[in-house]
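Student: I would like a close look at a single part of this model. Please start from one side-chain pair and work outward from there.

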Amino acid sequence: GSLFNLNNALKTVVFKAEPDWNGIDTVFMTASDVASTGVSVQTAVASFEVTVTATNDAPTIAYSPVAAIVVAEGTVAAITGLSVADVDVAENVDGGSLTVHLSATNGSLSLNVTAAALHTVHFLAGSGSGDALMSMRGTAGSLNALLANLRFSAQTDWYGNSSIQITVSDGGNSGVGGVKT
């Protein structure tokens with residue numbers, strides 16, 4: 001095409017990085033003229049770097065219940081299949097932390113908190129035993145080890161609907177965009 005058309009086409013070129021990738025990439029461009037005048041083809045090569053900055057992705061909560069949770073008043077039910085993750089924290093060199101908040105209505109929550117768990121998870125609210133509300137901070141792996149043993153104790157002399165709420169925050173561990181929940 002003409003030089004005018006080629007320059008207009010170049011104005012629409014967009015660089016799109018792979019999802020969850022950041023760093024420096026190099027773009028190479030080659031331009032050749034057409035040898036319509038009998039002169040040999042001339043080629044020019046240029047390159048430039050594109051810096052892709054990290055963006056803070058929101059943490060995720062996975063829950064894969066086997067069936068609806070039904071528990072008799074005053075008894076305990078295991079809550080299985082619950083985990084948290086964050087792609088930014090996973091790639092963070094210093095092993096960044098997540099904060100998990102759990103709450104229950106018409107009952108309480110308990111975890112299997114061992115002495116070893118207390119070295120890797122810090123409780124901000126509650127103790128992990130018989131709490132209607134608890135908050136804890138740690139690595140995704142440490143938090144998931146505790147969440148694997150989550151139990152709901154239904155309130156004595158209560159029947160009806162109860163709920164358990166979980167939120168997870170990354171504290172803005174990585175990239176631009178601030179704290180994500």
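Tutor: Start with Asp170 and Asn56. Their side chains are joined by a polar contact of 3.0 Å. The model is a predicted one. Asp170 sits in the segment after E11. Is Asp170 buried or exposed? Its relative accessibility is 1%, and buried means under 20%, so Asp170 counts as buried.

Now step back to strand E11, residues 164-169. E11 gives two or more residues to the largest nonpolar core. That core has 24 residues. Val84, Val100, Leu102 and Met136 have the most contacts inside it. Other elements that give two or more residues include strand E5 (82-85), strand E6 (98-104) and strand E9 (133-138). Helix H4 (140-147) and strand E10 (150-154) are also among them. In soluble globular proteins, nonpolar side chains tend to be buried together.

Take Leu102 as one example. Leaving out residues up to four places away in sequence, Leu102 touches Leu109, Ala132, Leu133, Met134, Met136, Leu147, Leu150, Gln165 and Ile166.

E11 has a second role to follow, in the largest pocket. E11, E10 and strand E3 (60-63) each supply at least two residues of the lining of this pocket. The largest share, 3 residues, comes from E10. The pocket has a volume of about 390 Å³. Of its 21 lining residues, Ile69, Ile79, Ser162, Ser163 and Ile164 are the closest to the centre. By class, the lining has 15 nonpolar, 5 polar and 1 charged residues.

Key:
Residues are numbered from 1 along each chain as its sequence is written. This is a predicted model: local features need pLDDT of at least 70, side-chain atom pairs count only at pLDDT 80 or more; totals for chains, interfaces and linings use all residues. Side-chain values use heavy atoms; hydrogens and water are left out. A nonpolar core is a set of buried Ala, Val, Leu, Ile, Met, Phe, Trp, Tyr and Cys residues joined through side-chain atoms within 4.5 Å. Buried means under 20% relative accessible area, exposed over 50%, partly exposed in between (1.4 Å probe, protein chains only). Helices (H or I, at least four residues) and strands (E, at least two) are DSSP runs, numbered from the N terminus. Contact means heavy atoms within 4.5 Å. On a 1 Å grid over the protein atoms alone, a cavity is a set of points where a 1.4 Å probe fits but cannot get out, and a pocket is an open set with protein on both sides within 12 Å along at least five of seven lines; lining residues have an atom within 4 Å of a point. Grid points are joined across faces, edges and corners, and a volume is the space filled by probe spheres set on the points. Ala, Val, Leu, Ile, Met, Phe, Trp, Tyr, Cys and Pro count as nonpolar, Asp, Glu, Lys and Arg as charged, and the others, Gly among them, as polar. A polar contact is a pair of N or O atoms within 3.5 Å; within protein, one must be able to donate a hydrogen and the other to accept it, and residues adjacent in sequence count only if both atoms are side-chain atoms.
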